[in-house]
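Open the model in a viewer and keep the sequence panel beside it. The stops below say what to select next and what is there.

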Amino acid sequence: MTKGFLSKSYGKTTSVSVRAHYDEWATSYNKEITENGYATPGRCAAALAQFSNDRTAPILDFGRGTSLSGLALKLAGFQVIDGIDLSADMLKVAKTTETYRSLELIEPNAVLPTPDVAYANIAAIGVIGAGAAPISVFHLLMHALPKGGKLVFSLNGHALADPENEAAINEWTKKGSANLLFKEHGDHLPGINLKSNVYVVEKT
Ligand SMILES: C[S@@+](CC[C@H](N)C(=O)[O-])C[C@H]1O[C@@H](n2cnc3c(N)ncnc32)[C@H](O)[C@@H]1O
């Protein structure tokens with residue numbers, strides 16, 4: 001089923017247009033994306049849970065949107081979830097849920113808010129790639145992790161079409177600064193026949 005905002009989601013190229021797009025989409029996002037079988041949050045949460053000994057440690061849900069990713073993390077057992085995003089209207093929807101410990105707005109390319117203790121786990125689910133955040137966000141999040149920390153993230157079929165996105169992982173693994181613990185190809189939005197890769201990367 002293709003309708004509404006989904007069909008316009010993969011061409012945005014600037015943070016201004018991305019923010020405006022998600023602000024406009026905020027109130028109908030959950031319905032449209034759920035109707036299309038949004039599978040990546042559950043896949044990411046399950047993948048990260050496999051490698052996390054302590055699910056009571058705070059986790060950052062970067063690009064949290066309306067909270068579908070946070071909800072999947074919660075269902076996988078993560079108990080303390082902080083969410084940040086650049087869309088104020090997505091934030092309003094997220095605030096109506098009880099998924100998060102804290103919710104913040106972020107400017108594109110801004111320094112991440114610093115928690116008292118660095119996040120042992122960070123998620124960027126459906127966030128990096130065409131129409132959303134640039135691959136520089138992957139590097140930002142890797143730098144924010146402590147050694148041993150884990151990043152779970154996804155690249156959908158549009159993001160995978162640009163080899164520079166997946167190559168960013170190799171930049172870290174080749175120099176021995178990270179291990180790729182998990183990589184799986186599977187459903188992203190079956191309703192529009194879109195797949196994604198899910199990755200779990202550990203900083204070393
Ligand atoms: C497809 S939605 C995914 C939302 C949520 N993670 C989910 O799985 O439903 C992409 C989200 O990334 C956010 N986003 C895009 N670029 C961003 C950036 N540079 N920094 C923070 N959030 C960003 C958008 O505002 C939007 O809420």
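Two strands count as paired if DSSP finds at least two bridges between them. Keep in mind during the tour that this is a predicted model.

**Stop 1: three strands side by side**

Select strand S1, residues 59–62, together with S4. These two strands run parallel and are joined by 3 bridges. To find a matching position, pick Ile 59, which stands opposite Asn 121 in S4.

Now add strand S5, residues 150–156. S5 and S4 also run parallel, with 4 bridges between them. Here the position to pick is Ile 122, opposite Leu 151 in S5.

Stay on strand S4, residues 121–124, and show its side chains. Which residues of S4 point one way, and which the other way? Asn 121 and Ala 123 point one way, while Ile 122 and Ala 124 point the other way. In a regular strand the side chains alternate between the two faces of the sheet. All four of these S4 residues, Asn 121, Ile 122, Ala 123 and Ala 124, are buried.

**Stop 2: the ligand and its shell**

Select the ligand, then the 21 residues around it. Those that come nearest are Tyr 29, Tyr 38, Gly 63, Asp 85 and Ile 125. Colour the shell by class to see 14 nonpolar, 5 polar and 2 charged residues.

Next, look for nitrogen atoms of the ligand that have a polar partner in the protein. A backbone N or O atom of Gly 63 lies 2.7 Å from a ligand nitrogen. For Ile 125, a backbone N or O atom is 2.8 Å from a nitrogen atom of the ligand. With Ser 69 the partner is a polar side-chain atom, 2.9 Å from a nitrogen atom of the ligand.

How much of the ligand does the protein bury? Taken alone, the ligand exposes 590 Å², and the protein buries 96% of that. Helix H1 (15–35) and helix H3 (68–75) are the elements that give two or more residues to this shell. H1 has the largest share, with 3 residues.

**Stop 3: salt bridges between distant parts of the chain**

Side chains of opposite charge can pair when their charged atoms come close. The model has 7 salt bridges, and three of them are visited here: Arg 43 with Glu 184, Asp 82 with Arg 101, and Glu 166 with Lys 183.

Select Arg 43 and Glu 184, whose side chains meet in a salt bridge at 2.9 Å, N to O. Arg 43 sits in helix H2 (residues 40–51) and Glu 184 in strand S6 (residues 178–189), so the pair links parts of the chain 141 residues apart. Arg 43 is buried, with a relative accessible area of 15%. Glu 184 counts as partly exposed, because its relative accessibility is 30%.

Move to Asp 82 and Arg 101, where the closest N and O atoms of the salt bridge are 2.7 Å apart. Asp 82 belongs to strand S2 (residues 81–85), and Arg 101 to the loop between helix H4 (88–95) and strand S3 (102–105), 19 residues apart. Is each partner buried or exposed? Asp 82 is buried at 4% relative accessibility, whereas Arg 101 is exposed at 52%.

The third pair is Glu 166 and Lys 183, a salt bridge of 2.9 Å, N to O. It links helix H7 (residues 163–174), which holds Glu 166, to strand S6, which holds Lys 183, 17 residues further along the chain. Both partners count as partly exposed: Glu 166 has a relative accessible area of 26%, and Lys 183 has 48%.

**Stop 4: a buried histidine**

Remain in strand S6 and select His 188. His 188 counts as buried because its relative accessibility is 4%, under the 20% limit. Its side chain is joined to that of Thr 40 by a polar contact of 2.6 Å.

**Stop 5: an exposed loop residue**

Finally, select Thr 114, in the loop between S3 and S4. Thr 114 counts as exposed because its relative accessibility is 72%, over the 50% limit. Add Met 142, which is 28 residues from Thr 114 along the chain. The C-alpha atoms of Thr 114 and Met 142 are separated by 14 Å.

Note on methods:
Residues numbered from 1 in each chain as written. Predicted model: local features only at pLDDT ≥ 70, side-chain atom pairs only at ≥ 80, totals over all residues. Heavy atoms only, no water. Near = heavy atom within 4 Å. Polar contact = N/O pair within 3.5 Å; in protein donor to acceptor, adjacent residues only side chain to side chain. Areas by Shrake-Rupley, 256 points an atom, 1.4 Å probe, with all protein chains shown as cover. Nonpolar A, V, L, I, M, F, W, Y, C, P; charged D, E, K, R; others polar. Salt bridge = Lys/Arg side-chain N within 4 Å of Asp/Glu carboxyl O. Buried < 20%, exposed > 50% of the residue type's maximum accessible area, 1.4 Å probe, protein only.
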